[in-house]
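Biologist: Please take a close look at one part of this model, the interface, and carry on from there into the salt bridges and the buried parts. One connected account will do.

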2 protein chains.
Amino acid sequence: MSASFPEGLLMSNNFEKALRFLNEVEKLKMVYRQNMVVDGSRYENSAEHSWHIALMAIVLSDFSDNKNIDLLRVIKMLLIHDIVEIDTGDIFLYDVAANQNKLENESESAKRIFGLLPEEIRDEFLALWNEFEKRETPDALFAAALDGMQPLMNHYASQGKGIERHNIKSSQVISKKKYIEQASKTMWEYSLEIIKKMEALGYIKSA
Amino acid sequence: MSASFPEGLLMSNNFEKALRFLNEVEKLKMVYRQNMVVDGSRYENSAEHSWHIALMAIVLSDFSDNKNIDLLRVIKMLLIHDIVEIDTGDIFLYDVAANQNKLENESESAKRIFGLLPEEIRDEFLALWNEFEKRETPDALFAAALDGMQPLMNHYASQGKGIERHNIKSSQVISKKKYIEQASKTMWEYSLEIIKKMEALGYIKSA
């Protein structure tokens, strides 16, 4: 894969750095997830997933239980949170073995890819990415809750295509997603209802 | 295509409305553009394109010549600007006939799709979408400049795959994109350099 950068087109050092990064992240459009787009024609990729949850942040911001969230910071986290997958691939949430070295590998990837940027933005993105991963601040919790709820909405809308074959149990889904409740009771209640429906329809397994 | 909404899972009227909209916009992932992702494996879709330019807004905000831009407003415009294409499809910039009723058709689509949202966000999105289309305010000009420059970067990186067959002339590209200069002299200078390189490489035609 060659997202080649046009050498000799460079205007200023920081502009050049920004463009190198923006060319590099083209590759996120080719990082595929386990679920499909809703017509079942192909797997969803991490770039369009990131678009969807950034839009969700705007539309659902009223449903954050903590009213002091900074929407711009939440959106920045969501737009960059999966960029590390360019090096690591998308690690399936329910794959225990693959998740063992996830954070370590993704940290290396964050350093490499955000490291292409001018210093100030590099440091901002590294800090936002770490904050998102830790899920401790209100902004990170809300962002992570959106990232956790979108796949459920997609699995339901795409009738379980792509994920059905993994035979996930509803208890696994609940265990992995229950942190949503810390960000939004409404979003968690809704997530539980979707999980119940998906179990009834056979997209995921019981208990 | 059935992005069916789980009836009977509804928590509150505004939450329900927001989710209907968020389910509807899954379809933007299946609106394909004329250019390809950089490995040439498939056409780029409007959802991942929107992700890319929202990220560009953050990374390139220092290069807006007008220093009074509101980054959150710019990002909102970019995340929603192509949603109308769910009804109209992506209209190729250089297709004169197809562009004749573009604004009228897209306005109808904006009313229908943003109309799914709670009133307050519906009105905000309609206003932002109209502002973006008019390209008069600093926020809209900068947002539109990013939307104009990203395809050039992509065409170059993907070696013209997808767009080459249209035999576009460099003069057409310059004419359609020269508004970028109003937002950022640096971005326009860079855009002109890419256009020149693409012409030399045969991705677009001379004059």
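Modeller: A residue is called buried under 20% relative accessible area and exposed over 50%, with partly exposed in between. At 29%, B:R20 is therefore partly exposed. The model is a predicted one, and every value here is computed from it.

The relation between the copies comes before the interface. Two copies of a chain are related by a rotation about an axis and a shift along it. Here a rotation of 180 degrees, with 0.0 Å of shift along its axis, places chain A on chain B with an RMSD of 0.0 Å. This is how a two-fold axis relates two copies. Chain A and chain B each put 65 residues into the contact. Of the interface residues of chain A, 100% are interface residues in chain B as well, so the copies meet through the same surface.

How much area is buried between chain A and chain B? The figure is about 5700 Å², and carbon and sulfur atoms give 75% of it. Charged pairing between the two chains comes to two salt bridges. One salt bridge joins the side chains of A:K29 and B:E44, with N and O 2.6 Å apart. Polar contacts across the interface of chain A and chain B involve 16 residue pairs, counted with both residues at pLDDT 80 or more.

Several elements of chain A supply at least two residues each to the side that touches chain B. They are helix 1 (13-24), strand 2 (43-45), helix 2 (46-60), helix 3 (71-80), helix 6 (119-134), helix 7 (138-157) and helix 10 (185-201). Helix 2 of chain A has the largest share, with eleven residues. By residue type, the side of chain A that touches chain B consists of 42 nonpolar, twelve polar and eleven charged residues.

Helix 3 of chain A, one of these suppliers, merits a separate look. Nine of its ten residues are buried, so helix 3 of chain A is largely enclosed by the rest of the structure. The buried residues are A:L71, A:L72, A:V74, A:I75, A:K76, A:M77, A:L78, A:L79 and A:I80. The cover over them comes from both chains: it includes helix 2, helix 5, helix 6 and helix 7 of chain A, along with helix 2 (46-60) and helix 3 (71-80) of chain B. At the start of helix 3 of chain A, a side-chain oxygen of A:D70 comes within 3.2 Å of the backbone nitrogen of A:L72.

Salt bridges are also found within the chains. Side chains of opposite charge can pair when their charged atoms come close. Over all chains, the search finds 30 salt bridges. In one of them A:E24 pairs with A:R112, the closest N and O atoms lying 2.9 Å apart. This salt bridge links distant parts of the chain, since A:E24 is in helix 1 of chain A and A:R112 is in helix 5 (residues 102-114) of chain A, 88 residues apart. A:E24 is buried at 12% relative accessible area, whereas A:R112 is partly exposed at 36%. Both residues belong to a network of salt bridges that also takes in A:K27 and A:D87.

In chain B, the side chains of B:R20 and B:E16 form a salt bridge at 3.1 Å, N to O. Both residues are in helix 1 (residues 13-24) of chain B, four residues apart, about one turn of the helix. An α-helix has 3.6 residues a turn, so residues three or four places apart point the same way. B:R20 is the partly exposed partner, at 29%, and B:E16 counts as buried at 18%. Another salt bridge in chain B joins the side chains of B:R42 and B:E48, 2.8 Å from N to O. Here B:R42 is buried at 12% relative accessibility, and B:E48 is buried at 0%.

Last comes A:Y203, in the segment after helix 10 of chain A. A:Y203 is buried, with 11% relative accessible area. Leaving aside residues up to four places away in sequence, A:Y203 touches A:H155, A:Y156, A:Q159, A:G160, A:I163, A:E164 and A:M198. The C-alpha atom of A:Y203 is 20 Å from that of A:Y32, a residue 171 places away along the chain.

Technical notes:
Residues are numbered from 1 along each chain as its sequence is written. Chains are lettered from A and ligands numbered from 1 in the order in which they are written. This is a predicted model: local features need pLDDT of at least 70, side-chain atom pairs count only at pLDDT 80 or more; totals for chains, interfaces and linings use all residues. Side-chain values use heavy atoms; hydrogens and water are left out. Contact means heavy atoms within 4.5 Å. Buried area is the accessible area (1.4 Å probe) that two parts lose on being put together, summed over both. A salt bridge is a side-chain nitrogen of Lys or Arg within 4 Å of a carboxyl oxygen of Asp or Glu. A polar contact is a pair of N or O atoms within 3.5 Å; within protein, one must be able to donate a hydrogen and the other to accept it, and residues adjacent in sequence count only if both atoms are side-chain atoms. Ala, Val, Leu, Ile, Met, Phe, Trp, Tyr, Cys and Pro count as nonpolar, Asp, Glu, Lys and Arg as charged, and the others, Gly among them, as polar. Copies are superposed by least squares on the C-alpha atoms of residues with pLDDT of at least 70 in both. Buried means under 20% relative accessible area, exposed over 50%, partly exposed in between (1.4 Å probe, protein chains only).
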